[in-house]
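Student: I would like to go through this structure in questions and answers. Please show it before we begin.

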Protein chains: 2
Amino acid sequence: MVNGFDPNNMDGLDAALQDKIRKRRELLGPAYRLMYAEPVQISRGLGTKMWDAQGNEYLDAYNNVVSVGHCNPRVVEAVHRQMQTLCTHTRYVQDGILEFAAEIIPTFGAPIEHIMFTCTGSEANDLALRIAMHQTGRKGIIITSEAYTGNSFLTAGLSPSLGKNSPLGTWVRRIPAPDSYRVPPAQIAELLVRQVAHEIAELERRGEGIAAFIADSLFSSDGIYANPTNILQPITEFVHKAGGVVIADEVQAGFGRSGDRLWGFQRHGQTPDIVTMGKPMGNGFPVAAVAVRREVIERFGNEMRYFNTFGGNTVAIAAAKATFDVIRDDGLQQNAAHIGALIQNGLREIAAGDDRIGDVRGAGLYIAVEFVKNKATKEPDATTALAVVDELRKRRVLISATGYHANCLKIRPPLVFSESDVDRLLTQTRAVLSSI
Amino acid sequence: MVNGFDPNNMDGLDAALQDKIRKRRELLGPAYRLMYAEPVQISRGLGTKMWDAQGNEYLDAYNNVVSVGHCNPRVVEAVHRQMQTLCTHTRYVQDGILEFAAEIIPTFGAPIEHIMFTCTGSEANDLALRIAMHQTGRKGIIITSEAYTGNSFLTAGLSPSLGKNSPLGTWVRRIPAPDSYRVPPAQIAELLVRQVAHEIAELERRGEGIAAFIADSLFSSDGIYANPTNILQPITEFVHKAGGVVIADEVQAGFGRSGDRLWGFQRHGQTPDIVTMGKPMGNGFPVAAVAVRREVIERFGNEMRYFNTFGGNTVAIAAAKATFDVIRDDGLQQNAAHIGALIQNGLREIAAGDDRIGDVRGAGLYIAVEFVKNKATKEPDATTALAVVDELRKRRVLISATGYHANCLKIRPPLVFSESDVDRLLTQTRAVLSSI
């Protein structure tokens, strides 16, 4: 795991923290991971700030889930009001879910007509793929090289970024990430379409055929490639011709994060059949969803059924509606565009005077800074990237790292990030870079 | 689906309800189902009561999720307090998750040592099976005839109760449900162990081998067979000898519902390797978990990792802790035993004078009433069972139906069901049975 704490490196941590880390291992077992060389203990959050048990303030430039800010009062209040009134499932008729569905569906644009609720992005992608497989009667799925689609059996099998011990499904084929730093941007679309064509031919040759192509338009776990935006629609058209279903995974890019548009796929002028969403949807309350074209869900819906006990329950809907309303009312997509540009500009200024930074890229509040050993060879430099992450953490600014080589900073703050937060982030980044 | 509303039967429903049902179909698509011939619109809940938009009160004898009662104030308050303080994930160190883990782990009994958090029971079962497959390096899974294990790709493939259009995994083998009404109870354990042996041999013959046996100790979707309780341990021992992992699915039976013990597997003196739990865990807040023996998670944990964005987040833990504390402090397992016995006794009295009722069975607050056309032939009678469900719904008492033949009433109220609730349930049941 990129930026994971190594439990063999406990030395130098304070004794109370060591004790808690040992308790975690004892109680939660070996599959849990912490972030940073020195893990952070957080006990309170508000807006873009978090505080540890000792009262130290941290600037949160990492957590996309609390998109409208830690403990956003409108979301807290909406959840509380609904918790006091009714918390129940979708097998009773309720107004709230219909009102929210009617509000969100038009934002996807025709021909997406329906929305179904799950609790997590993993469940949303798992369901989307089940629908695609049922609809097409086929199994093959195409993803990008280092995609992450979820933690269920099916989606973990489609998540190469989980590492080489996590087996990929035998029906999964990979195309390269659109590495705009190493491949001339004008050539990427053609290259990827050609690769998709090849993988579809391979799937057909094996009798599996193409059920679905699924991608996150920011290619987050591949290393964050927000541009060019002419890639996904040609792939979509090719997959459609081959009879496959196209899934836009908006778990990372959705809900205004890209700044340009509410949904990441719209930056590519893409016409997906299914849109999945999760993480920021309820500002931390577990709620996620699958939006889908009528023709694509019809067979699944009529021959099967889908019920998710907590998915779209009355409280989940209250959280999602409040979060969505705040994004719109407070202009957070526009803020993501504005603040994201300030961050990228600041980072580019820093990069201009720093040979270790090969690339600064992203869209809105999803930004990568790629470290290289040499700007000519572009050899990845994970050591420096991770050092920057850990030094920033010492200065109480939280970001993380990403990419196959773990050599990219991942900057992905709540959408309510302010100009003064940008100053603090850039000031501390400058200080760190001059200190290491 | 048992007790599902048929959208082709809209006639006779009031116009406003018809309109909302049409809107649901339009917005949520064809995969959603409603309950009852006349769907219920619920707008408020408290304790064991729910109210519709017109202010009519319903007795809830169905919803196991709100196990400590609709809108339980301790849970509402705990969630609110935590929502105002911090809602974040498990990659930071937190005290709450460690305190709750330390509280719940001992209740499983040795050698279960660790607990991992997910959002839904489906995710818990999916993860448990991934762990079992990784640990054993095998694929085969044995379930009971009409099991329901979840809605993910993997668990839906292990859920014959989803109906014949939902494909079972090719690596899934089924054993009969322990039908204590049709098979002499003394013979069931031996019969099932023999069948498990046969299925393991078949799996091995196919090179798949046995990864896991998974069962819900109340066999809820099979038709609710709470007794005899000498079945699961002999199966467990056999599966262990064959190198398989044994999973106790406590999504239905757990958290005191059986009345006898906190966990259903304990009624069978069973020694599972993994215990999964979900539905009532947060009284409606999405939280679920996998508790596991150290040796069974070790390989998975060291070679892979597991992260669930919302799973075990600070608010989910607050909900789970409050719910668990209420179950203990208010003696709800004991209440389930006491009230469950009152219901079963009352139903047996009714059954003694009613030729249509073949069997009354269950444990604690999970009770089945099986309808037959003839007590000698035991031919299932779904028509009467569904008529009882719908007539009770007209009298504002909510239960449902279950079983392969859909001929069993499913009575499964919140654990806070009171003696006067029992009176109302029995009085209305008597009235319905004499009216149809």
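Tutor: A salt bridge here is a side-chain nitrogen of Lys or Arg within 4 Å of a carboxyl oxygen of Asp or Glu. This is a predicted model, in which local features need pLDDT of at least 70 and side-chain atom pairs count only at pLDDT 80 or more, while totals for chains, interfaces and linings use all residues. Residues are numbered from 1 along each chain as its sequence is written, chains are lettered from A and ligands numbered from 1 in the order in which they are written, and side-chain values use heavy atoms, with hydrogens and water left out.

Student: Which residue of chain A meets Asp95(B) in a salt bridge?
Tutor: Across the interface of chain A and chain B the rule finds 2 salt bridges. In one of them the N to O distance is 3.0 Å, and the partner of Asp95(B) is Lys20(A).

Student: What is the mean pLDDT of chain A?
Tutor: pLDDT is the predictor's confidence in each residue, from 0 to 100. The model scores ipTM 0.98 and pTM 0.98. In chain A, 100% of the residues reach 70 or more, and the mean is 97.

Student: What relation do chain A and chain B have?
Tutor: Copies are superposed by least squares on the C-alpha atoms of residues with pLDDT of at least 70 in both. Chain A falls on chain B, at an RMSD of 0.0 Å, after a rotation of 180° with 0.0 Å of shift along its axis. The relation is therefore that of a two-fold axis.

Student: How many residues does each chain give to the contact?
Tutor: Contact means heavy atoms within 4.5 Å. Of the contact residues of chain A, 100% recur in chain B. Chain A gives 98 residues and chain B gives 98 residues.

Student: What area is buried between chain A and chain B?
Tutor: Buried area is the accessible area (1.4 Å probe) that two parts lose on being put together, summed over both. Carbon and sulfur atoms give 62% of the total, which is about 8600 Å².

Student: Which residues of chain A lose the most area to chain B?
Tutor: Together they account for 10% of what that side buries. They are Tyr92(A), Val93(A) and Arg305(A).

Student: Which element gives the largest share of the side of chain A that touches chain B?
Tutor: Helices (H or I, at least four residues) and strands (E, at least two) are DSSP runs, numbered from the N terminus. Elements that each supply at least two residues include α3 (95-108) and β4 (112-118) of chain A. The largest share is 9 residues, from α1(A).

Student: Which residue pairs with Glu202(A) in a salt bridge?
Tutor: A search of the whole structure finds 62 salt bridges over all chains. Glu202(A) is in helix α6 (residues 185-205), and its partner, 29 residues apart, is in strand β6 (residues 172-175) of chain A. At 3.9 Å, N to O, that partner is Arg173(A).

Student: Which residue does a cis peptide bond join to Asn227(A)?
Tutor: Most residues other than glycine have a negative phi, and most peptide bonds are trans. The partner lies in the loop between β7 (210-215) and α7 (232-241) of chain A. With omega about 0°, the residue joined to Asn227(A) is Pro228(A).
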